[in-house]
Amino acid sequence: MVAISLMLLLTNDAQGQEKLVGLNQNALLIHAIRPKEKKTKNTTALDLPFFDDFSATYLYPDPNLWTDFSVFINTSYSKNPPSIGVATLDAIDAYGKIHQGTDYNTASGGDTISSQAINLYYPGDNTIYLSFYYQSTGYGDNPETSDSLILEFYAPEINQWRKVWETNKIDQTAFKQEILAINNSLYLQNGFRFRFRNVVSLSDNDLTSLVGNVDQWHIDYVYLNKDRHAKDTIYRDIAFLEPLQSFVIDYEAMPWTHFLTAPTDFLRPTLSCYYRNKDNT
């Protein structure tokens with residue numbers, strides 16, 4: 001009788017259907033060795049140009065360009081990026097766990113990626129622009145209307161971050177490029193910085209097992225320089241978009257001694273790669 005009552009209780013509490021949710025941790029980041037942070041106050045300001053397409057590092061941003069590491073540098077979360085490698089902002093921190101302070105169905109801060117200090121002391125210059133590509137979701141989770149991607153500029157003389165751009169276009173399935181002029185005297189200073197951050201909201205289900213990584217935004221091709229203009233959005237660059245396939249059939253890798261038993265049988269007859277010409281020629 002006790003066993004029957006217990007079974008009925010479990011049946012009433014069970015979910016009516018299966019549900020696919022994102023992982024609640026990033027195993028790659030949990031076991032990764034984080035790069036040593038270069039604090040901006042101890043670093044000489046960078047000179048222009050500033051550029052990062054996130055192809056030179058993996059897991060964490062380049063510490064020579066950025067000061068924090070909660071974003072995930074990867075080659076697999078985005079769809080059809082401008083170039084291989086993107087910075088993904090989501091609900092998981094630099095240590096591979098859900099950000100502390102996030103709550104169910106409540107918008108809160110997610111990741112942040114902040115530039116090192118940059119020498120932008122060009123008084124009266126109207127040719128300084130920052131451009132970047134962004135995409136929501138990709139192969140990840142679609143942000144909700146309460147979620148957003150935010151860009152902020154730092155004014156060193158007043159020690160203040162100010163929001164200059166924001167989007168919550170959750171249907172932005174293709175990468176879109178933005179370009180912003182930087183001509184305010186507050187920002188044309190030595191020590192200028194910029195940062196991207198995102199707002200996330202966890203599932204409205206309070207069962208821990210149904211809470212996973214959500215609300216992905218991907219950024220790529222971040223470029224800050226002078227002598228630009230508002231339509232300076234074409235680059236003389238040809239870039240791979242995805243990692244190359246394995247050279248062997250059916251496997252990503254195999255022991256060398258295994259491969260030597262029949263090299264011609266294991267090698268792919270052809271290899272496919274995807275690349276983009278960003279120039280207009």
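Q: Which residue forms a salt bridge with Asp232?
A: In this predicted model, the question comes down to which nitrogen-bearing side chain approaches the acid, since a salt bridge needs a side-chain nitrogen of Lys or Arg within 4 Å of a carboxyl oxygen of Asp or Glu. For Asp232 the closest N and O atoms of the pair are 2.7 Å apart, and both residues of the pair are buried. The partner of Asp232 is Arg228.

Q: How many residues apart in sequence are the parts that Arg195 and Glu152 tie together?
A: Arg195 and Glu152 form a salt bridge in which the closest N and O atoms are 2.5 Å apart. Because Arg195 belongs to strand S10 (residues 190-200) and Glu152 to strand S7 (residues 148-155), their pairing ties together parts of the chain whose separation in sequence is 43 residues.

Q: Is Glu152 buried or exposed?
A: Residues count as buried when their relative accessible area is under 20%. Glu152, which is linked with Arg195 and Arg197 in a network of salt bridges, has a relative accessible area of 5%, and therefore Glu152 is buried.

Q: What is the relative accessible area of Glu166?
A: Glu166 meets the side chain of Lys163 in a salt bridge, with 2.9 Å from N to O. Glu166 is described as partly exposed, because its relative accessible area is 40%.

Q: Which residues of strand S6 point the other way from Tyr129, Ser131, Tyr133 and Gln135?
A: In a regular strand the side chains alternate between the two faces of the sheet. Strand S6 covers residues 129-136, and 8 of its 8 residues are buried, so that the residues pointing either way are buried. Those that point the other way are Leu130, Phe132, Tyr134 and Ser136.

Q: Which residue in S11 is the bridge partner of Ser136?
A: Strand S6 pairs with two strands that can be taken in turn: 6 bridges join S6 to the antiparallel strand S9 (residues 176-181), where Tyr129 stands opposite Ala181. S6 also pairs in the antiparallel sense with strand S11 (residues 217-225), over 7 bridges. In S11, the partner of Ser136 is Trp217.

Q: Which residue has the backbone nitrogen that the side chain of Asp111 reaches?
A: Asp111 is found in strand S4 (residues 108-114), and Asp111 counts as buried because its relative accessibility is 0%. The side chain of Asp111 reaches, at 2.9 Å, the backbone nitrogen of Asp90.

Notes. Residues are numbered from 1 along each chain as its sequence is written. This is a predicted model: local features need pLDDT of at least 70, side-chain atom pairs count only at pLDDT 80 or more; totals for chains, interfaces and linings use all residues. Side-chain values use heavy atoms; hydrogens and water are left out. Buried means under 20% relative accessible area, exposed over 50%, partly exposed in between (1.4 Å probe, protein chains only). Helices (H or I, at least four residues) and strands (E, at least two) are DSSP runs, numbered from the N terminus. Two strands pair if DSSP finds at least two bridges between them. A polar contact is a pair of N or O atoms within 3.5 Å; within protein, one must be able to donate a hydrogen and the other to accept it, and residues adjacent in sequence count only if both atoms are side-chain atoms.
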